[in-house]
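Hi everyone, thanks for coming. Please have a look at the sequence and the structure while I talk, and stop me whenever you like.

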Amino acid sequence: MTPQPPGNRDKDAGRWSDLGRPPLNATALRRALVRPGSLWTSLDVVPATGSTNTDLAERASKGAAEGAVLVAEEQSAGRGRLDRTWSAPPRSGLFFSVYLTPRVPAARWGWLPLLAGVATATALTHTAGVDTALKWPNDLLVTVEGAERKAGGILAERTDGGVVVGIGLNVTLTADELPVPTAGSLALAGARTTDRDPLLRAVLRSLEHWYGEWQTADGDPDASGLQATYAAGCATLGREVRAELPGDTSLTGEAVAIDGDGRLVLATGEGVQQPVGAGDIIHLRATGGDGAERPE
């Protein structure tokens, strides 16, 4: 065997320095997912990027086909709702975006982030053996030491003619690596596997299934089964919540339903059922003896 120059050895050692976090196998992923008749038309894995959503939106503007998938081993400026940013150690999670061009009425496109949530939660429950719940509108929750923790999130952004849906999921993050105490990961939730290749395959296949059902039903959330499935897995329903709304206002009430437009319906103390289409939702515990609301 020809000895490697020191520089090459250092480069390879860095790539494999964390043996518990091997890189994704892009070739095997493409072989499994990018096939004739599949939704997925391309799949690229990049070592690092700022935001897969931003990069894929740029590709879409240059003519990328529906079904393009972009995955990053490390994402330094991942974006969530309300312009929040986050990052995670390299190869510690799944950070990817998909490009979709729904052929359903545009008024129903708002269901796409909820559809992605159902698809991801279903795949993780079956593949990782972790009970994954949904917090309206776009968070993925797991249970760590008896407490609900956010392990992932979804961000859908419209582009010219389509939608880029980004999914971020903490897979092997340790307690010391969590960005905030209320975060979690599949590993901390006791997942039976943290191998990212089968996890990513499962999520993309589940997403293809639900997207196909939704499109076949012309985007109807009831006929496609999406509305009922989301409600069944939504940890927000049946809870007392506070909705932080645009314009620095808030609304407190019991979350009682997901309506046909994907909005969260709150029953307020005044007996009014108020749909919420956008906002930050805070799950509340029962009030204490002092009457104060206690966020979970």
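**A walk through the model**

Let's start at one residue: Q215 is buried, because its relative accessible area is 17% and the cut-off for buried is under 20%. Keep in mind that what you see is a predicted model.

Where does Q215 sit? You'll find Q215 in helix α5, which covers residues 196-216. And what does its side chain reach? The side chain of Q215 comes to 2.6 Å from the backbone nitrogen of R103. If we set aside neighbours within four places in sequence, Q215 has contacts with T101, P102, R103 and V104.

Now move along that helix to E213, also in α5. Is E213 buried or partly exposed? With a relative accessible area of 38%, E213 is partly exposed, because that class lies between 20% and 50%. The C-alpha atoms of E213 and A223 are 8.9 Å apart, with these positions ten residues apart along the chain counted as their separation.

Let's step back for the whole chain. The protein chain has six helices and 15 strands. Of its 296 residues, 46% are buried. Take the contacts between residues at least 6 apart in sequence: 61% of them join residues at least 24 apart.

Next, the inside. The largest nonpolar core has 62 residues, and those touching the most other members are W40, F96, V98, W136, L186, L204 and W214. Which helix gives the most to this core? Helix α4, residues 112-128, does, with ten residues. There is also a second, separate core of eight residues, and V46, L56, A60 and Y99 are among them.

Staying with α4, let me show you V118, which is in that helix. V118 is buried, since its relative accessible area is 2%. Leaving out neighbours within four places in sequence, V118 is in contact with L134, W210, L226, T229 and Y230. Here is a nice pair to find on your screen: V118 and Q227 are 109 residues apart along the chain, and their C-alpha atoms are separated by 9.6 Å.

Now a pocket, the second largest one. Its volume is about 340 Å³. Of the 20 residues lining this pocket, G110, P113, L114, P137 and G277 are the closest to its centre. Two elements give two or more residues to the lining, α4 and β8 (147-159), and β8 gives the most, with five. How does the lining divide by class? It has ten nonpolar, five polar and five charged residues.

P137 deserves another look. This proline is in the loop between β6 (133-135) and β7 (139-144). The peptide bond joining W136 and P137 is cis, with omega about 0 degrees. I point it out because most peptide bonds are trans, and most residues other than glycine have a negative phi.

That brings us to two residues with a positive phi. E145 is not a glycine, yet its phi is about 55 degrees. E145 is in the loop between β7 and β8, and it counts as exposed because its relative accessibility is 83%. D248, again not a glycine, has a phi of about 60 degrees. You'll find D248 in the loop between β10 (240-245) and β11 (249-258). With a relative accessible area of 82%, D248 is exposed too.

That's my tour, so over to you for questions!

Terms used: Residues are numbered from 1 along each chain as its sequence is written. This is a predicted model: local features need pLDDT of at least 70, side-chain atom pairs count only at pLDDT 80 or more; totals for chains, interfaces and linings use all residues. Side-chain values use heavy atoms; hydrogens and water are left out. Helices (H or I, at least four residues) and strands (E, at least two) are DSSP runs, numbered from the N terminus. Buried means under 20% relative accessible area, exposed over 50%, partly exposed in between (1.4 Å probe, protein chains only). A polar contact is a pair of N or O atoms within 3.5 Å; within protein, one must be able to donate a hydrogen and the other to accept it, and residues adjacent in sequence count only if both atoms are side-chain atoms. Contact means heavy atoms within 4.5 Å. A nonpolar core is a set of buried Ala, Val, Leu, Ile, Met, Phe, Trp, Tyr and Cys residues joined through side-chain atoms within 4.5 Å. On a 1 Å grid over the protein atoms alone, a cavity is a set of points where a 1.4 Å probe fits but cannot get out, and a pocket is an open set with protein on both sides within 12 Å along at least five of seven lines; lining residues have an atom within 4 Å of a point. Grid points are joined across faces, edges and corners, and a volume is the space filled by probe spheres set on the points. Ala, Val, Leu, Ile, Met, Phe, Trp, Tyr, Cys and Pro count as nonpolar, Asp, Glu, Lys and Arg as charged, and the others, Gly among them, as polar.
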